[in-house]
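Biologist: Could you take me through the ligand site of this model, with the cut-offs spelled out as you go? I'd like one connected account.

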Amino acid sequence: MTIKIRPETVADRKAIWNVNCVAFESNAEADLVDALRAGGDASLSLVAEVDDQIVGHIMFSTLQIFTTTGTMTALSLAPMAVLPGHQRRGIGSQLIVAGLDMCRQRGDLVVVVLGHPQFYPRFGFSAELAKSLESPFGGGEAWMALELVPDAMTGVTGRVEYAPPFGVLE
Ligand SMILES: CC(C)(COP(=O)(O)OP(=O)(O)OC[C@H]1O[C@@H](n2cnc3c(N)ncnc32)[C@H](O)[C@@H]1OP(=O)(O)O)[C@@H](O)C(=O)NCCC(=O)NCCS
């Protein structure tokens, strides 16, 4: 099986909506992707293709961290989806690794995620690192952060504000 990871194009939007809808068994995340894109908050959106069919998608959106000394821009990894028939074959992992590489290369500093505590640490996400960040959704061990640049989080303590479309999921 050859998996191709590439940035989304306009022609992919319907397929991306479908992947999110089917994987989450709801329209909520599919609509969130559309709203993030429409609002200019989608920082990076990648698709995974197998046999020219889009089977996976990942989005990174911008968010703000309000600290006592100023505001820092970071990224949220969400949502991410792989069609049920293609799950557990490493496609989600490839989307994450490719996405983080691209974000790192263009100079992004920090990524946060609210997700499976067994899954995201394998890519470097840490619940310990996220303890200085106040999540609007709570999360406990599911609330994790990753430094794309060493020590990017050093001294950063504050409140995280997601892009407005995430409000609909609160
Ligand atoms: C999460 C998701 C994108 C992973 O895609 P994938 O292609 O199956 O991922 P990979 O094959 O690279 O890795 C599989 C890992 O995902 C993790 N995982 C997937 N679904 C999980 C779940 N519901 N609970 C806990 N871990 C889960 C497991 O740790 C699994 O690792 P393992 O096979 O070593 O046990 C996919 O399962 C999916 O679309 N799920 C529904 C939507 C969702 O929950 N998205 C994430 C939240 S934004």
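Modeller: Happy to; here is the ligand site, followed by the residues of interest around it.

A word on the ground rules: this is a predicted model, so local features need pLDDT of at least 70 and side-chain atom pairs count only at pLDDT 80 or more, while totals for chains, interfaces and linings use all residues. Residues are numbered from 1 along each chain as its sequence is written, and side-chain values use heavy atoms, with hydrogens and water left out.

The shell around the ligand holds 15 residues, and Met 80, Arg 88, Gly 90, Gly 92 and Ser 93 come nearest; a residue is near if one of its heavy atoms lies within 4 Å of the molecule. Seven residues of that shell are nonpolar, five polar and three charged (Ala, Val, Leu, Ile, Met, Phe, Trp, Tyr, Cys and Pro count as nonpolar, Asp, Glu, Lys and Arg as charged, and the others, Gly among them, as polar). At least two shell residues come from each of α1 (13–24), β4 (70–82) and α3 (91–105), where helices (H or I, at least four residues) and strands (E, at least two) are DSSP runs numbered from the N terminus.

Backbone atoms approach the ligand's oxygen atoms at three residues you can check. A polar backbone atom of Gly 90 is 2.7 Å from a ligand oxygen. For Val 82, a backbone N or O atom lies 2.8 Å from an oxygen atom of the ligand, and for Gly 92 a backbone N or O atom is likewise 2.8 Å from a ligand oxygen. On its own the ligand exposes 880 Å², of which the protein buries 72% (accessible areas by the Shrake-Rupley method with a 1.4 Å probe; for residues, only the protein chains shown count as cover).

Two backbone details belong here too. Pro 79, in strand β4, is joined to Ala 78 by a cis peptide bond with omega of about -10°. Arg 88 sits in the loop between β4 and α3 and has a positive phi of about 65° although it is not a glycine. Most residues other than glycine have a negative phi, and most peptide bonds are trans.

Finally, Glu 8 is in the loop between β1 (3–7) and α1. Its side chain makes polar contacts with the side chains of Arg 37 (2.8 Å) and Ser 45 (2.6 Å); such a contact is a pair of N or O atoms within 3.5 Å, and within protein one must be able to donate a hydrogen and the other to accept it, with residues adjacent in sequence counting only if both atoms are side-chain atoms.
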